[in-house]
Amino acid sequence: MESQIIEIGLTEWQADNPHQEWITALEAGKVLYFPHLGFQLLESERALLDPAVRDPKVRNISLDARGHIKGAAGDAEQQLALAAMVGRFREQALGLVHSLLPKYSDALRVAPTSYRPMQVETRAQSWRADDRRMHVDAFPSRPNYGERILRVFTNINPDGVPRVWRVGEPFETVARRFLPRAKPYVRWQASALKALHVTKSLRSEYDHLMLQLHDGMKGDMQYQQDAQQVSMPFAAGSVWICFSDQASHAVMSGQYMMEQTLHLAPERQYDPQSSPLAILTRLVGHPLV
């Protein structure tokens, strides 16, 4: 299998010029890995590397677009410190993406930035929510009509512990395997889900198929074991970027990570034909949104 990980030697959160081969690799669903690009914590922020900074009722701590921190425990001073740390990561992640992918700059929609202080291995979840199973990202309640999910991750583990992923096959390989098993899209069911507020808007056929791929992959234990894949330890003090709706991945272990999600309309890509929407449309043979 052609490598799905592209290692890049940047040491600054700024690329001097865009590299077409990196852009092509990213838009093909590969993971760009920056092993020498660390997020520098301030000395005072080391105390925030503690699971107790998270409100136990939520999964992750997040910083919204207005700079409000959510899901954090502790007093006002600790919450401000968390907001400052996560906000600094957001600025650096955006700077990196804008310099690597300048064509995206005025097209990106910035989603909340998250801090995940919990240990991956100890999370108890249903099989559908278990990210230790290989999957592509798709959201049951938030139809996105083919909008891309671009993510920037950094491992800030203070003890040098890597964040270990499994990275699997190219998206089209996955789609060709699981599309034949997908339940057909039924528009009245999508309308009923919207009326019952199960979904925030009408689920398109694209969103239906992406969920079928997500659930098909996670529910097939033979596939989890036998699919072409590599185990990838993302080192402490490193950064990686991927389209998580396209890169087949599973998160196996690790603790202390920050993540920035960005959304992009597929027609604003350098090559719109490489998007999951374009690939699924081609495989199915009719428009999906």
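Helices are DSSP runs of H or I with at least four residues, numbered from the N terminus. In this predicted model, helix 1 spans residues 20-27 and contains E21. With a relative accessibility of 52%, E21 counts as exposed, because the cut-off for that class is over 50%. E21 and F171 are separated by 150 residues in sequence, and their C-alpha atoms lie 18 Å apart in space.

The nonpolar interior was examined next. The largest nonpolar core holds 45 residues. Within this core, the residues with the most contacts are F34, L82, M85, L100, Y115, L150 and I241. Several elements supply at least two core residues each, including helix 1, strand 2 (31-34) and strand 3 (61-63). Strand 6 (148-155), strand 9 (238-243) and strand 11 (257-264) are also among them, as is helix 2 (76-100). Helix 2 provides the largest share of this core, with 10 residues. Apart from this core lies another one, of 21 residues. V174, A175, L209 and Y223 are among the members of that other core.

L82 illustrates the contacts made by one of the core residues. Leaving aside residues up to four places away in sequence, L82 touches L48, V53, I61, I69, A72 and Y115.

Strand 11 deserves a separate description. How many of the residues of strand 11 are buried? The count is 8 of 8, so strand 11 is largely enclosed by the rest of the structure. In a regular strand, side chains alternate between the two faces of the sheet. In strand 11, M257, E259, T261 and H263 point one way. M258, Q260, L262 and L264 point the other way, and the residues of both sets are all buried.

Strand 11 pairs with two strands described here. Strands of a sheet pair through backbone hydrogen bonds, either parallel or antiparallel. Strand 5 (residues 109-116) runs antiparallel to strand 11, and 6 bridges join the two. In this pairing, V110 has L262 of strand 11 as its bridge partner. Strand 6 also runs antiparallel to strand 11, with 8 bridges between them. Here T154 is matched with M258 of strand 11 as its bridge partner.

An open sheet of 3 strands was also found, with antiparallel pairing and the order 8-7-10. Strand 8 (230-234) and strand 10 (249-253) are its edge strands, each pairing on one side only. On average, neighbouring strands of this sheet are turned by 30 degrees against each other, direction ignored. Strand 7 (residues 163-167) and strand 10 run antiparallel and are joined by 4 bridges. W165 stands opposite V251 of strand 10.

Internal space was then surveyed. Rolling a probe the size of a water molecule over the atoms shows where empty space is left. The count came to 1 cavity of 30 Å³ or more. The volume of the largest cavity is about 70 Å³. Its lining is formed by D137, A138, F139, R142, N144, I149, Y206, D207, M210, L211 and D245. Helix 5 supplies the largest share of this lining, 4 residues.

The largest pocket encloses about 1300 Å³ of space. Its lining comprises 48 residues. Nearest the centre of the pocket lie A138, F139, P140, R142 and R151. Strand 5, strand 6, strand 7, helix 5, strand 10 and strand 11 each supply at least two lining residues. Helix 5 gives the most to the pocket lining, with 7 residues.

Helix 5 (residues 205-219) also holds H208. Is H208 buried or exposed? At 11% relative accessibility, H208 counts as buried, because buried means under 20%. Not counting residues up to four places away in sequence, H208 touches K183, P184, Y185 and R203.

Two loop residues stand out by backbone geometry. Y145 lies in the loop between strand 5 and strand 6. The phi of Y145 is near 55 degrees, a positive value in a residue other than glycine. Y145 is partly exposed, with a relative accessible area of 35%. Y256 lies in the loop between strand 10 and strand 11. The phi of Y256 is also positive, at about 75 degrees, although Y256 is not a glycine. With a relative accessible area of 8%, Y256 is buried.

How values were computed
Residues numbered from 1 in each chain as written. Predicted model: local features only at pLDDT ≥ 70, side-chain atom pairs only at ≥ 80, totals over all residues. Heavy atoms only, no water. Buried < 20%, exposed > 50% of the residue type's maximum accessible area, 1.4 Å probe, protein only. Contact = heavy atoms within 4.5 Å. Core = buried A, V, L, I, M, F, W, Y, C linked by side-chain atoms within 4.5 Å. Pairing = 2+ DSSP bridges. Axes fitted to C-alpha atoms, helices over the stretch in contact; angles between N-to-C directions. 1 Å grid on protein atoms, 1.4 Å probe; cavity = no way out; pocket = protein on both sides within 12 Å on 5 of 7 lines; lining within 4 Å. Points joined across faces, edges and corners; volume = space filled by probe spheres on them.
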